[in-house]
Amino acid sequence: MPAPYSDDLRLRAIAAVKNGHKKSQVARFLKISRNTLDLWLKKEEESGNCHPVQPRQKGPEPKIKDKNKFRELVLKHNDKTQKQIAELWGEGVTQQNVSDACQKWGITRKKNLRISGKR
């Protein structure tokens with residue numbers, strides 16, 4: 001998906017049209033389509049700004065939302081499996097939800113067993 005035009009370009013285009021320049025000349029000078037300029041003007045007239053629409057999060061909302069509470073639970077029960085931690089958390093959380101949250105927030109439960117051959 002292409003990136004939206006910058007706010008600066010949008011504001012300059014709208015200001016040029018409001019200062020009396022023709023829409024087609026402004027569009028040609030800024031190398032945008034006339035339809036795009038019309039859409040920006042319409043949006044600015046209706047809502048008062050011409051900022052691009054921010055994309056929403058794709059996919060379902062995460063089940064585990066409280067990072068600090070989850071981290072405390074994992075550290076407190078570091079001897080338990082992900083399935084057991086999911087049961088302790090409740091709220092319909094599965095082992096995969098626990099795994100996803102650990103990966104998202106960088107929580108690792110790997111043991112650090114460094115055994116060196118030389119002393």
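Arginine 12 comes out as partly exposed because its relative accessibility is 44%; for this label, buried means under 20% relative accessible area, exposed over 50%, and partly exposed in between (1.4 Å probe, protein chains only). Its place is in helix H1, where helices (H or I, at least four residues) are DSSP runs numbered from the N terminus. Leucine 30 sits 18 residues from arginine 12 in sequence and 9.2 Å from it in space, C-alpha to C-alpha.

A quick word on the model: it is predicted, so local features need pLDDT of at least 70 and side-chain atom pairs count only at pLDDT 80 or more, while totals for chains, interfaces and linings use all residues. Residues are numbered from 1 along each chain as its sequence is written, and side-chain values use heavy atoms, with hydrogens and water left out.

**Salt bridges**

The count comes to 5 salt bridges, taking a salt bridge as a side-chain nitrogen of Lys or Arg within 4 Å of a carboxyl oxygen of Asp or Glu. Here are three of the pairs.

| Positive partner | Negative partner | N to O distance |
|---|---|---|
| Arginine 12 | Aspartate 8 | 3.4 Å |
| Lysine 18 | Glutamate 44 | 3.2 Å |
| Lysine 65 | Glutamate 61 | 3.3 Å |

Take arginine 12 and aspartate 8: both lie in helix H1, 4 residues apart, about one turn of the helix. Aspartate 8 counts as partly exposed because its relative accessibility is 47%.

Now for lysine 18, which bridges to glutamate 44. This pair ties together distant parts of the chain, with lysine 18 in helix H1 and glutamate 44 in helix H3 (residues 34–47), 26 residues apart. Lysine 18 counts as exposed because its relative accessibility is 56%.

Then there's lysine 65, which pairs with glutamate 61; lysine 65 is exposed, and so is glutamate 61. Elsewhere, salt bridges that share partners join Lys23, Arg34 and Asp38 into one network.

**Arginine 10, a charge without a bridge**

Arginine 10 is found in helix H1, which covers residues 7–18. This side chain is buried yet has no salt bridge, and the nearest side chain of opposite charge, aspartate 7, is 4.5 Å away. For charge, Lys and Arg count as positive and Asp and Glu as negative, with His and the chain ends not counted. So what does arginine 10 contact, leaving aside its neighbours within four places in sequence? The partners are Pro4, Tyr5, Trp40, Cys50, His51 and Pro52, where contact means heavy atoms within 4.5 Å.

**How H1 meets H3**

Two packed helices are described by the angle between their axes and the distance between the axes. H1 and H3 pack at about 85 degrees, with their axes 10 Å apart. Axes are lines fitted to C-alpha atoms, for helices over the stretch in contact, and angles run from 0 to 180 degrees between N-to-C directions. That makes H1 roughly perpendicular to H3, a label for angles of 65 to 115 degrees; under 35 counts as roughly parallel, over 145 as roughly antiparallel, and the rest as oblique.

On the H1 side, the contact uses Leu9, Arg10, Ala13, Ile14, Val17 and Lys18, and H3 brings Leu37, Trp40, Leu41 and Glu44. By class, that contact has 7 nonpolar, no polar and 3 charged residues.

**Helix H6**

Helix H6 (residues 95–105) has Asn97, Val98, Ser99, Ala101, Cys102 and Trp105 as its buried residues. These pack against helix H4 (67–76) and helix H5 (82–89). After H6 comes glycine 106, with a positive phi near 70 degrees.

How values were computed
Helices (H or I, at least four residues) and strands (E, at least two) are DSSP runs, numbered from the N terminus. Ala, Val, Leu, Ile, Met, Phe, Trp, Tyr, Cys and Pro count as nonpolar, Asp, Glu, Lys and Arg as charged, and the others, Gly among them, as polar.
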